[in-house]
Amino acid sequence: MRKKKITIERALRSRTEAIIWKLISTPEGLSKWIAEQVELEGDTLVFTWGKPGQEYETRRADVLEVVRNGSIRFRWEDEDEADAYTEIALTRIGVTDEFALLITDFSESDDIDDMTYMWNHDLDRLQYKTGV
């Protein structure tokens, strides 16, 4: 069964494009809200959740595309579907000149609620830890 595309949009409390871009496009920024640690090895992002010595998980994702001050797209190395990817995009909201993050991901039909919950939790964490 093919995975379904899901999209989540979250308005941000910052009008500073450079700060938001750094939070979504650098290992230091991503480690503030997606995983405890993120490293860049060539064109591969290495995400680690949890702490070594305790229960933890590491996943690798190949960076497919980076549009400066726009979006970062990557595909998990264990992804079976060639068309599936994860994208974090910075967008402007209408006439208010405020920013939002637009997350695009793919999920099995029975996991859509869990995937949506996970991304909303990560976005809550981003806003709590950084104030954006």
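What follows is a working chat about a predicted model.

Me: What kind of model is this, and how are residues numbered?
Reply: It is a predicted model, where local features need pLDDT of at least 70 and side-chain atom pairs count only at pLDDT 80 or more, while totals for chains, interfaces and linings use all residues. Residues are numbered from 1 along each chain as its sequence is written, and side-chain values use heavy atoms, with hydrogens and water left out.

Me: What is the mean pLDDT of the chain?
Reply: The mean is 94, and 100% of the residues reach 70 or more. pLDDT is the predictor's confidence in each residue, from 0 to 100.

Me: OK, the sheet. How many strands, and in what order?
Reply: It is an open sheet of seven strands in the order 1-7-6-5-4-3-2, with antiparallel pairing. Strands (E, at least two residues) and helices (H or I, at least four) are DSSP runs, numbered from the N terminus. Two strands pair if DSSP finds at least two bridges between them.

Me: Which are the edge strands?
Reply: Strand 1 (4–11) and strand 2 (37–41), each of which pairs on one side only. From one strand to the next, the twist averages 25 degrees.

Me: How many bridges between strand 2 and strand 3?
Reply: Five, in the antiparallel sense, with strand 3 covering residues 44–49. As an example, leucine 40 has leucine 45 in strand 3 as its bridge partner.

Me: Which helix packs on the sheet?
Reply: Helix 3 (residues 112–130), which touches strand 1, strand 6 and strand 7 (98–107). Contact here means heavy atoms within 4.5 Å. The direction of helix 3 makes about 25 degrees with that of strand 1. Axes are lines fitted to C-alpha atoms, for helices over the stretch in contact, and angles run from 0 to 180 degrees between N-to-C directions.

Me: Changing topic: how many aromatic pairs are there?
Reply: The count comes to seven. Rings of Phe, Tyr and Trp (its six-membered ring) pair if their centres lie within 6.5 Å; planes under 30 degrees apart count as stacked, over 60 as edge-to-face and the rest as tilted.

Me: Why is the pair of phenylalanine 47 and tryptophan 49 called stacked?
Reply: Because their planes are at 10 degrees, with the ring centres 5.9 Å apart.

Me: Are those two residues buried or exposed?
Reply: Phenylalanine 47 is buried, at 0% relative accessible area, whereas tryptophan 49 is partly exposed, at 23%. Buried means under 20% relative accessible area, exposed over 50% and partly exposed in between (1.4 Å probe, protein chains only).

Me: And what about tryptophan 49 with tryptophan 76?
Reply: Their ring centres are 6.3 Å apart and the planes are at 45 degrees, so that pair is tilted. The pair links distant parts of the chain, since tryptophan 49 is in strand 3 and tryptophan 76 in strand 5, 27 residues apart. Tryptophan 76 is buried, at 13%.

Me: Which residues form the aromatic cluster?
Reply: Phe47, Trp49, Phe74 and Trp76 form one cluster.

Me: Now arginine 10. Where is it, and is it buried or exposed?
Reply: Arginine 10 is in strand 1, and at 15% relative accessibility it counts as buried.

Me: What does its side chain make polar contacts with?
Reply: The arginine 10 side chain has a polar contact of 3.3 Å with that of asparagine 120, and another of 2.9 Å with that of aspartate 124. A polar contact is a pair of N or O atoms within 3.5 Å; within protein, one must be able to donate a hydrogen and the other to accept it, and residues adjacent in sequence count only if both atoms are side-chain atoms.

Me: What else does arginine 10 contact?
Reply: Leaving aside neighbours within four places in sequence, its contacts include Ala100, Leu101, Leu123 and Gln127.

Me: Where is glutamate 87, and what is its side chain joined to?
Reply: Glutamate 87 lies in strand 6 (residues 86–93), and its side chain makes a polar contact of 3.0 Å with the side chain of arginine 73. Glutamate 87 is buried, with a relative accessible area of 13%.

Me: Last one: aspartate 62, buried or exposed?
Reply: Neither, as aspartate 62 counts as partly exposed at 31%. Aspartate 62 is in strand 4 (residues 57–67), and a polar contact of 3.2 Å joins its side chain to that of threonine 44.
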